[in-house]
Amino acid sequence: MKLESKTLEDIAIIIAGQSPPSSSYNSIGDGVPFFQGMADFNGKHPKIRFWCNKPTKISNPNDILISVRAPVGPVIINNVKACAGRGLGIIRVNENISLDYVYYFLRVNEKKISDLGVGSTFKAITQKNLRKIEIQIPELLADQIRIANILSQAELLIAQRKQSISLLDELLKSTFLDMFGDPMKVNKKWKKEACGNLFDMKLGKMLSAKNYTGTRLRKYLRNVNVKWGVIDLSNVKEMDFSEKEEESYNLLKGDILVCEGGDVGRTAILKTELENYCYQNALHRLRIKDQVKIDANYFSWYMYLGVTNGLIKKETTSVTIQHFTQDKFKKLLIPLPPIELQTKFATIVEKVEELKTQYQQSLVELQNMYGVLSQKAFKGELNLNQVTNEEVVLETTTKTKKYSVTDKAILAGHIINITNNEDFGRVKFQKLLYLTEHHCKLNLGSNYMQNVAGPYDGKLINEVESKLKHLAFYDINKSKTGRQINYTALGSAKQLENYFKDSFTAESKSIDALLAQFKKSTWEQTEIIATLYAVWNNRILKQETITDELLKKDFLNWDPQKKKYKDRLDVALQWMREKGIVPDGWGEVI
């Protein structure tokens, strides 16, 4: 794909924003919306905070607005007629150029544009420099549109992943409130006990750097390393600790850290072993005295929901910054529900945090993918003639994607959700898992073998069924006759579809299209199709001749019990071709 080098003024009209008279500002909707700068940016479009009844420079819908001062570079697409203040530049893209392409180009190159800013107090970009910004652009408008669509889809995946992470936090919040009630409301059902009785508490102190020698360096955590529910190890300092100090301020797995200063009450549990880590001032270290009384996860969420709603506001002192002293912390009363209930909540937290870790890792991968796609796009390295927009994103996300046990369980739960009818059992489930993996090209790390009912991977089935129970999606039990395995929805099954949409965003369309064909099928019909698919796929992989007679022969030779289906194979093969459920040689020979 050939790119041309243009300047911004070659492809757009550039207009400098200008602030209207201050007397015309208002917040009651009089006049047109008034955008002043970065404070009015909200995702891809602006948010309306103020209006003005004497506008100066008008921005129309589909103008790009760029922040030209403090900071320089961020862009949005305007979606209303509005007044643009002097903190903004208006970029009105020519009709023969893709607006979205220009928007994404500017987004990706925001740092380079920011570097063009000048000024000692705060940065600003001049109109001259704004007009001379170079943009690499495909000759064909269709290619510009395709690239913008690809990046838009990648952004959508990232937004969905972020939303799913947020939904997991909301799930834990609502679960806590359902189980224990609001920490801000008096609950007479459970007795309360002071933190000083529940925890071994020790407040950190500011260690002197005077004796710094570099001979007894130890990493230590500070207030900034304690986020709500998370210990952040991305910015850890080192300092000399004497042997006595190290013993006094050491950290152990399971310790609870609570911020004493700044954002007081912010709480997190140390859930991993950190060798030779200590902590310093502005942190309370809590170590549970009696595990039968209180669980760390319960306490952490009690603090989060309580502190963020003013639980310890009256207990803090303030001179220059707020503080939550150890004396006051020791006296803080904590309700103590039955430890069994606390432990049940802790199990739910563990499950949800496992999912959250998977999603956060996936988010990083998606963000890296977006970077790769955008760099290739704006260097002319995307071959748009070979793939569709969706395939570019799908190829990037699934080419090397490996699915975790949790992902597999989510997929398995989705299969059950979609196809669970009166005839549903383990045979139908196993065959649909095989078909979904191979027809939708999902690398589940399976190892299928020949079994009387078709392709079978016992290890995979045991793995996903165990995880379905562990995550409280489905229980697996035998029917009254003992011959059939049934799947019974558990408490978390309602959330499963949200997890599926997030974990299998790019693949969901092909998965659902396949499963839709089996909603009303019997287990026998599913067994026949899966086995025919397997022998057909085997012949493709082994580069052998393929005819209906040979496929039927392979089917009947699979296992002696397959003879009972002999008269049904012609109809099955015709159905597979009509529905497009035909293999193409993906996977391994069975």
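**Figure 1. Gly43 in the loop between β5 and β6.** Gly43 sits in the loop that runs between β5 (41-42) and β6 (45-46). The model shown in this and the following views is predicted. Gly43 counts as exposed because its relative accessibility is 62%, and the cut-off for that class is over 50%. Between the C-alpha atoms of Gly43 and Ile15 the separation is 22 Å, although the two residues are 28 residues apart along the chain.

**Figure 2. Overall view of the protein chain.** The protein chain holds 590 residues, and 47% of them count as buried. Its secondary structure consists of 19 helices and 30 strands. Taken along the principal axes, the C-alpha atoms fill a box of roughly 85 × 70 × 55 Å. The chain exposes about 29,700 Å², of which carbon and sulfur atoms supply 48%. Among contacts with a separation of 6 or more, 74% join residues 24 or more positions apart.

**Figure 3. Ser5 in strand β1.** Ser5 belongs to strand β1, which spans residues 3-7. With 47% relative accessibility, Ser5 is classed as partly exposed. Leaving aside residues up to four places away in sequence, Ser5 touches Glu134, Ile135 and Gln136. For one of these partners, Ile135, the C-alpha atom is 5.8 Å from that of Ser5, across 130 residues of chain.

**Figure 4. Asn62 and the cis peptide bond at Pro71.** Asn62 occupies the loop between β8 (58-59) and β9. The phi angle of Asn62 is near 75°, a positive value in a residue other than glycine. Asn62 is partly exposed, at 49% relative accessibility. The loop between β9 (64-68) and β10 (72-77) contains Pro71. The peptide bond leading from Ala70 to Pro71 is cis, and its omega is near 5°.

**Figure 5. The nonpolar cores.** The largest nonpolar core comprises 133 residues, and Ile64, Phe199, Phe299 and Phe329 have the most contacts inside it. Helix α5 gives the most to this core, contributing 14 residues. A second, separate core has 17 residues, including Phe241, Ala268, Cys278 and Tyr279. In soluble globular proteins, nonpolar side chains tend to be buried together.

**Figure 6. Contacts of Ile64.** Ile64 is one of the residues with the most contacts inside the largest nonpolar core. When residues up to four places away in sequence are not counted, Ile64 touches Val75, Ile76 and Ile77, as well as Gly89, Ile90, Ile91 and Val93. Further residues touched by Ile64 are Leu99, Val102, Tyr103 and Leu106.

**Figure 7. The largest cavity and its lining.** One cavity of 30 Å³ or more is counted in the model. The largest cavity encloses about 100 Å³ of space. Its lining includes the aromatic residues Phe176, Phe180, Trp190, Tyr298 and Tyr302, together with Pro183 and Pro335. Gly181, Asp182, Lys185, Asn187 and Lys192 also line this cavity. By class, the lining has seven nonpolar, two polar and three charged residues. Helices α5 (141-180) and α8 (296-307) each supply at least two of the lining residues.

**Figure 8. The second largest pocket.** The second largest pocket holds about 670 Å³ of space. Its lining is formed by 24 residues, and Trp228, Gly229, Val230, Glu353 and Lys356 lie nearest the centre. At least two lining residues come from each of α5, β18 (230-231), β21 (267-269), α8 and α10 (339-377). Helix α10 provides the largest share, five residues. In this lining, 11 residues are nonpolar, seven are polar and six are charged.

**Figure 9. Asn276 in the loop between β21 and β22.** Asn276 is located in the loop that joins β21 to β22 (277-279). Its phi is positive, at about 60°, although Asn276 is not a glycine. The relative accessibility of Asn276 is 40%, so the residue counts as partly exposed.

**Figure 10. Lys313 in the loop between α8 and β24.** Lys313 is placed in the loop between α8 and β24 (317-318). Lys313 is exposed, with a relative accessible area of 63%. Measuring C-alpha to C-alpha, Lys313 and Val264 are 8.8 Å apart in space and 49 residues apart in sequence.

Terms used. Residues numbered from 1 in each chain as written. Predicted model: local features only at pLDDT ≥ 70, side-chain atom pairs only at ≥ 80, totals over all residues. Heavy atoms only, no water. 1 Å grid on protein atoms, 1.4 Å probe; cavity = no way out; pocket = protein on both sides within 12 Å on 5 of 7 lines; lining within 4 Å. Points joined across faces, edges and corners; volume = space filled by probe spheres on them. Helix = DSSP H or I, 4+ residues; strand = E, 2+ residues; numbered from the N terminus. Nonpolar A, V, L, I, M, F, W, Y, C, P; charged D, E, K, R; others polar. Core = buried A, V, L, I, M, F, W, Y, C linked by side-chain atoms within 4.5 Å. Buried < 20%, exposed > 50% of the residue type's maximum accessible area, 1.4 Å probe, protein only. Contact = heavy atoms within 4.5 Å. Areas by Shrake-Rupley, 256 points an atom, 1.4 Å probe, with all protein chains shown as cover.
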